[in-house]
Amino acid sequence: MMSKKLLVDVDCGVDDAQAIMLALAAPRVKVLGVTCVHGNTAVEHVCRNALRVLQACNKLKEIPVFKGASKPLVGSRINAGHFHGQDGLGDAPDPNAPGLDLLQKENAVSAMIRIINENPGEVSLVATAPLTNLALAVRMEPSLPSKLRGLYIMGGNTESRGNTSVCGEFNFTADPEAAYIVLNEYQCPTYLACWEFTCHNKLSWEFCDTWLAQDSHKARFMSQIFQHSIEAAKTERFQKECVAGAGFISCDSYAMAAALDDSFIIESDCYPVSVELTGTHTRGMMVVDTVGFLKKTHKAFIMKKVDLERFKQMMMAALK
Ligand code: BDR
Ligand code: CA
């Protein structure tokens with residue numbers, strides 16, 4: 001069977017790390033590159049974190065890492081240090097972490113365009129971060145989306161619940177203009193793992209304990225970097241953000257799982273989507289056009305129900 005080709009755009013916080021590890025453990029999957037962008041932390045930290053994840057999985061030599069945009073298209077940068085740690089990986093530094101000299105010289109946006117052009121119709125692009133790199137890429141090469149096999153995004157929301165502003169999910173709020181460009185110009189099969197969906201599909205803390213207790217280098221690495229987020233996830237603020245019910249949310253892993261396994265999504269809504277760019281409380285909020293007001297022909301698949309047993313298997317395999 002042919003292997004799936006993946007390109008992963010991350011702001012490597014802890015759940016991005018989990019998503020990357022899911023991909024690296026999946027059979028018949030080739031990760032063509034990891035492109036980095038600002039988001040959970042500054043892009044330099046993001047790059048270092050991506051290299052650390054690859055090192056933990058013994059893939060440092062195989063998979064190139066590219067540095068991308070350090071700021072959103074408009075406005076100033078935000079981060080999610082309160083959740084992921086200031087360095088994005090739980091503030092659990094590794095003295096043997098790889099240096100930034102291992103980054104590719106080519107920038108992330110050029111690499112994205114080149115890699116997709118070299119593999120027309122074959123690349124699944126998994127974007128688990130603010131969409132700045134993807135927006136810049138489509139501005140430089142408008143035909144790029146037509147060469148993708150699919151686009152898998154973690155971001156946006158469907159019930160106007162925010163985790164970053166009243167109505168804004170982090171990845172879209174961190175660069176609303178980029179999210180707008182991507183949702184309106186990537187006219188390829190597009191799959192969205194939105195914030196509320198991930199909240200409704202939490203994994204239990206019991207599963208988390210079993211997952212991290214695996215006797216492997218990868219599980220020990222994850223235990224270290226995840227500790228900060230585990231504590232943050234148990235705070236009152238996060239409990240309010242993430243809709244009712246206990247458990248942890250590996251947000252980015254849902255988008256990755258959908259890219260890895262075509263049967264992962266069991267049910268989805270299919271609607272045109274866009275992003276609110278103004279509004280006192282709604283800037284960055286995803287807009288779902290259930291009636292057809294936007295007169296858009298392109299519709300995105302908004303995940304509703306997924307195979308959670310399969311998800312748990314993928315998560316377990318990621319730390320083996
Ligand atoms: C998203 O924001 C980031 O903090 C996470 O890595 C995820 O991509 C969730 O809103
Ligand atoms: Ca992310």
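The legends below describe close-up views of a predicted model.

**View 1. Surroundings of ligand 1 in the predicted model.** Twelve positions need not be read off one by one, for the neighbours of ligand 1 can be grouped by residue type. The acidic residues around ligand 1 include Asp 15, Asp 16, Glu 169 and Asp 252. Asn 40, Asn 163 and Asn 171 also surround ligand 1, as do His 84, Thr 128, Met 154, Phe 170 and Cys 251.

**View 2. Polar side-chain atoms beside oxygen atoms of ligand 1.** In the side chain of Asp 252, an N or O atom lies 2.5 Å from an oxygen atom of ligand 1. For Asn 163, the corresponding distance from a side-chain N or O atom to an oxygen atom of the ligand is 2.9 Å. Asp 16 places a polar side-chain atom 3.1 Å from an oxygen atom of ligand 1.

**View 3. The largest pocket and its lining.** The space in this pocket amounts to about 390 Å³. Its lining comprises 32 residues, and Phe 83, His 84, Asn 163, Phe 170 and Trp 195 are those nearest the centre. Of these, His 84, Asn 163 and Phe 170 are also among the residues that surround ligand 1. Helices α1 (14–25), α3 (81–84), α6 (170–173), α10 (217–233), α11 (236–241) and α12 each contribute at least two lining residues. By class, the lining of the largest pocket consists of 15 nonpolar, 10 polar and 7 charged residues.

**View 4. The second largest pocket and its lining.** About 270 Å³ of space lies in this pocket. Among its 15 lining residues, Ala 26, Pro 27, Val 29, Leu 260 and Arg 310 are the closest to the centre. Helices α1 and α13 (308–318) each supply at least two residues of the lining, and α13 gives the most, with 4 residues. The lining of the second largest pocket divides into 10 nonpolar, 1 polar and 4 charged residues.

**View 5. The salt bridge between Arg 149 and Asp 262.** The structure holds 17 salt bridges. In the one shown here, the side chains of Arg 149 and Asp 262 meet with an N to O distance of 3.5 Å. The two residues are 113 positions apart in the chain: Arg 149 belongs to strand β5 (residues 148–154), whereas Asp 262 lies in the loop between α12 (251–260) and β7 (265–271). Arg 149 is partly exposed, with a relative accessible area of 34%, while Asp 262 is exposed, at 52%.

**View 6. Lys 304 and its acidic partners Glu 267 and Asp 269.** The side chains of Lys 304 and Glu 267 form a salt bridge, with 3.6 Å from N to O. Because Lys 304 lies in strand β10 (residues 300–306) and Glu 267 in strand β7, this pair ties together parts that are 37 residues apart in sequence. Lys 304 also forms a salt bridge with Asp 269, the closest N and O atoms being 3.6 Å apart. Asp 269 likewise lies in strand β7, so its pairing with Lys 304 in strand β10 joins parts 35 residues apart in sequence. Lys 304 is partly exposed, with a relative accessible area of 43%; Glu 267 is partly exposed at 37%, and Asp 269 is partly exposed at 27%.

Conventions. Residues are numbered from 1 along each chain as its sequence is written. Chains are lettered from A and ligands numbered from 1 in the order in which they are written. This is a predicted model: local features need pLDDT of at least 70, side-chain atom pairs count only at pLDDT 80 or more; totals for chains, interfaces and linings use all residues. Side-chain values use heavy atoms; hydrogens and water are left out. A salt bridge is a side-chain nitrogen of Lys or Arg within 4 Å of a carboxyl oxygen of Asp or Glu. Buried means under 20% relative accessible area, exposed over 50%, partly exposed in between (1.4 Å probe, protein chains only). On a 1 Å grid over the protein atoms alone, a cavity is a set of points where a 1.4 Å probe fits but cannot get out, and a pocket is an open set with protein on both sides within 12 Å along at least five of seven lines; lining residues have an atom within 4 Å of a point. Grid points are joined across faces, edges and corners, and a volume is the space filled by probe spheres set on the points. Ala, Val, Leu, Ile, Met, Phe, Trp, Tyr, Cys and Pro count as nonpolar, Asp, Glu, Lys and Arg as charged, and the others, Gly among them, as polar. A residue is near a molecule or strand if one of its heavy atoms lies within 4 Å of it. A polar contact is a pair of N or O atoms within 3.5 Å; within protein, one must be able to donate a hydrogen and the other to accept it, and residues adjacent in sequence count only if both atoms are side-chain atoms.
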